[in-house]
Amino acid sequence: MNRRVIPIKELIQKALEARKFSYVPYSGYTVGAALLTEEGKIYTGCNIENAAYGPTNCAERTAFFKAVSEGERSFKTIAICGGKKDKMPESYAYPCGVCRQVMKEFCKDDFRIIVVKSLEEYEVYTLAELLPHGFGGETIA
Ligand code: THU
């Protein structure tokens with residue numbers, strides 16, 4: 001097991017920075033995410049909206065799909081922040097249900113989810129806390 005300390009401040013900084021790439025012509029709400037692998041690599045993501053709404057991709061899933069598409073399968077922590085475009089977050093952006101389910105696919109119950117307002121203000125949860133009794137591959141194995 002990798003016992004390296006979680007670089008919380010770096011993750012928060014990267015999640016905040018990732019928001020600047022958000023494509024949000026419809027909601028004006030930008031979300032940034034920074035996903036830490038077990039090996040210590042960080043993948044960032046932003047939300048990408050679409051005129052047909054349904055194809056919109058959340059920041060968390062952008063980060064996961066970038067990482068998984070490059071061969072990553074083991075994850076430790078994700079930092080997430082969201083708020084009005086060009087403003088600091090005013091409240092915590094908890095991951096949507098679809099993103100929690102994607103986390104469930106690749107992460108254990110102790111995967112850490114950090115919701116962020118600023119470098120100093122954040123809350124830390126486990127995946128099990130945000131997705132109790134989730135449906136995963138082990139259920140149908
Ligand atoms: N959004 C995310 O990026 N992550 C979430 O977990 C919830 C919602 C995005 C989708 C959309 O672009 C905007 O926030 C407003 O719903």
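Reader: Which strands form a hairpin, and how many residues lie between them?
Author: In this predicted model, strands S4 and S5 make up a hairpin, with five residues between them.

Reader: In which sense do S4 and S5 pair, and over how many bridges?
Author: The pairing of S4, residues 112–116, with S5 is antiparallel and extends over five bridges.

Reader: Which residues stand opposite each other there?
Author: Val-115 faces Glu-123 of S5, and Ile-113 stands opposite Tyr-125 of S5.

Reader: What is the strand order of the sheet, and is the sheet open or closed?
Author: The sheet is open and consists of five strands in the order S2-S1-S3-S4-S5, with mixed pairing.

Reader: Which strands stand at the edges?
Author: The edge positions belong to S2 (42–46) and S5 (122–126). Each has a single partner strand, so one side of each lacks a neighbour in the sheet.

Reader: By how many degrees are neighbouring strands turned against each other?
Author: On average, neighbouring strands of this sheet are turned by 20 degrees against each other, direction ignored.

Reader: And the helices: which strands does each lie across?
Author: Helix H1, residues 8–18, lies across S1, S2, S3 (75–84), S4 and S5, and runs at about 145 degrees to S1. Helix H2 lies across S1, S2 and S3, running at about 140 degrees to S2.

Reader: Turning to the ligand, which residues are around it?
Author: Among them are Ser-27, Tyr-29, Val-31, Asn-47, Glu-49 and Thr-56. The list also includes Cys-58, Ala-59, Glu-60, Tyr-94, Pro-95 and Cys-96.

Reader: How do the residues of that shell divide into nonpolar, polar and charged?
Author: Seven are nonpolar, three are polar and two are charged.

Reader: Which atoms of Ala-59, Glu-60 and Cys-96 lie by an oxygen atom of the ligand?
Author: For Ala-59, a backbone N or O atom lies 3.0 Å from a ligand oxygen atom. For Glu-60, a polar side-chain atom is 2.7 Å from an oxygen atom of the ligand. For Cys-96, a backbone N or O atom is 2.9 Å from an oxygen atom of the ligand.

Reader: What percentage of the ligand's accessible area does the protein cover?
Author: The ligand has 370 Å² of accessible area on its own, and the protein covers 76% of that.

Reader: Which elements give two or more residues to the shell?
Author: Those elements are strand S1 (29–37) and helix H2 (59–68).

Technical notes:
Residues numbered from 1 in each chain as written. Predicted model: local features only at pLDDT ≥ 70, side-chain atom pairs only at ≥ 80, totals over all residues. Heavy atoms only, no water. Near = heavy atom within 4 Å. Polar contact = N/O pair within 3.5 Å; in protein donor to acceptor, adjacent residues only side chain to side chain. Areas by Shrake-Rupley, 256 points an atom, 1.4 Å probe, with all protein chains shown as cover. Helix = DSSP H or I, 4+ residues; strand = E, 2+ residues; numbered from the N terminus. Nonpolar A, V, L, I, M, F, W, Y, C, P; charged D, E, K, R; others polar. Pairing = 2+ DSSP bridges. Axes fitted to C-alpha atoms, helices over the stretch in contact; angles between N-to-C directions. Contact = heavy atoms within 4.5 Å.
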